[in-house]
Amino acid sequence: MFAKSRIWKRAALVLMILILGTADNVSLLAARNESPPVPHPSVSKQTPALAELKKSEAADRRGNRKRNQRNTQAQRPLSWVKLQQLYPGAFYIGGPRKPRMVTLTFDDVPDMNYTPKVLDILAKYKVRATFFVVGSRARAYPSIVRRMQREGHMIGNHSYSHPVFSRISLQQFQQQVMRTDALLRPLIGYSPKLIRPPYGEILPKQIEWAQSKGFVIVNWNVDSEDWRSLDSNRILINIKRTLQPGSIILQHAGGGQGQDLSGTINALPRLIRMLRSKGYQIVTLPELLNRPVARQTYR
Ligand SMILES: [Zn+2]
């Protein structure tokens, strides 16, 4: 009798964990299911993923191994720390801690409003950055992509229409990458090696395919959270919080509908001065990772 009630208690606990996990997922998906391109919600940060892993490990210990594997490994993305361990050289969230270098990355470009302003500031301060281009936006504003290239910045692939990669098929993922690749090549003269997944979400099988084609996946370890339309003070505080040598700093230079990135614009000169005053060299992402910007292509 006692043993039986304990089993029921355990079953109820596991059920509760599963329900909570699912509810979590549903609300996250609702938050992410916006028309593309959209800003990066904080769900792509490492902490929730790690929490999910811990939750699933606990479920494991409760003898629910089979169901757990089905639910977590098949559908839920792994934490970025785990992915970096599993795919060295193919998945990055940061660069080496020495020397004292950091890199600026700008996602969701180009747009007509913010991208030219970011380019103006970078030119003024003689800083080269890395821009992750959304294919559909490059198609709308090709001259701004050419300007990035002309002014010495690095270009990466940020999908065609900004979907959540972990929610689309391998084939759809491949199309998202290759469609943008085909668009960018004639504009900038090379096939970008670097891919940044929208929201940082990507599945192991997608990383494996990308690696087999000579791509490298790059997320970030410093999130300005500027997509929330924050003021420049808040953005600088967010960046300083986790800044260290080897940091890949995420900002946005292309806004979605109703999105105000003026905080990013106002923060940028201050950020550059702050980094230099702390002795950081601001390098491009390929320099930080010591990887080429262009992908070798075989025809
Ligand atoms: Zn994005």
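Which residues of H11 are buried? In this predicted model, the buried residues of H11 are Gly-263, Thr-264, Ala-267, Leu-268, Leu-271 and Leu-275. They are covered by several elements, including strand S2 (101-109), helix H5 (114-124), helix H10 (232-242), strand S8 (248-252) and strand S9 (281-283). The helix itself comprises 16 residues, 262-277; at 1.5 Å a residue it should span 22 Å, and its end C-alpha atoms are 23 Å apart, which agrees. Within H11 there is nevertheless a kink of about 35° at Leu-268, shortly before the proline Pro-269. Leu-268 is also one of the buried residues of the helix. After H11 comes Gly-279, with a positive phi near 85°.

The surroundings of H11 belong to a wider architecture. The protein chain contains 12 helices and nine strands, and 40% of its 299 residues count as buried. Among contacts with a separation of 6 or more, 79% join residues 24 or more positions apart.

In soluble globular proteins, nonpolar side chains tend to be buried together. Here, the largest nonpolar core has 63 residues, and those with the most contacts inside it are Val-118, Phe-131, Val-133, Ile-155, Ile-217 and Ile-249. Both domain 1 (2-86) and domain 2 (92-289) contribute at least three residues each to this core. Phe-131 illustrates the packing: leaving aside residues up to four places away in sequence, Phe-131 touches Phe-106, Val-109, Met-148, His-153, Ile-155, Gly-156 and Ala-253.

Helix H9 (residues 204-212) offers a second view of helix packing. Its buried residues are Gln-206, Ile-207 and Ala-210. Because these residues cover an arc of only 100° around the axis, they lie on the same side of H9. An α-helix has 3.6 residues a turn, so residues three or four places apart point the same way. On the other side of H9, Lys-205 and Ser-212 are exposed. The buried residues pack against helix H4 (80-86), strand S1 (91-92), helix H8 (170-188), strand S5 (194-195) and strand S6 (216-218). As with H11, a glycine of positive phi follows the helix: for H9 this is Gly-214, with phi near 90°.

The loops hold further backbone features. Most residues other than glycine have a negative phi, and most peptide bonds are trans. Against this background, the peptide bond from Lys-98 to Pro-99 is cis, with omega near -5°; Pro-99 is in the loop between S1 and S2. A cis bond also joins Val-109 to Pro-110, again with omega near -5°, and Pro-110 is located in the loop between S2 and H5. Val-109 is among the residues that Phe-131 touches.

Two residues other than glycine have a positive phi in the loop that runs from strand S4 (154-157) to H8. Ser-159 lies in this loop and has phi near 75°. His-162 is found there as well, with a positive phi of about 65°. Are these two residues buried or exposed? A residue is counted as buried if 20 or more other C-beta atoms lie within 10 Å of its own. Ser-159 is therefore buried, since 26 other C-beta atoms lie within 10 Å, and His-162 is buried with 25.

Methods: Residues numbered from 1 in each chain as written. Predicted model: local features only at pLDDT ≥ 70, side-chain atom pairs only at ≥ 80, totals over all residues. Helix = DSSP H or I, 4+ residues; strand = E, 2+ residues; numbered from the N terminus. Expected span 1.5 Å × (residues − 1). Bend = angle between axes of the 7 residues up to and from the residue. Buried ≥ 20, exposed ≤ 12 C-beta atoms within 10 Å, placed from the backbone. Contact = placed C-beta atoms within 7 Å. Core = buried A, V, L, I, M, F, W, Y, C linked by C-beta atoms within 7 Å. Domains from an automatic or database assignment. Arc of directions from axis to C-beta.
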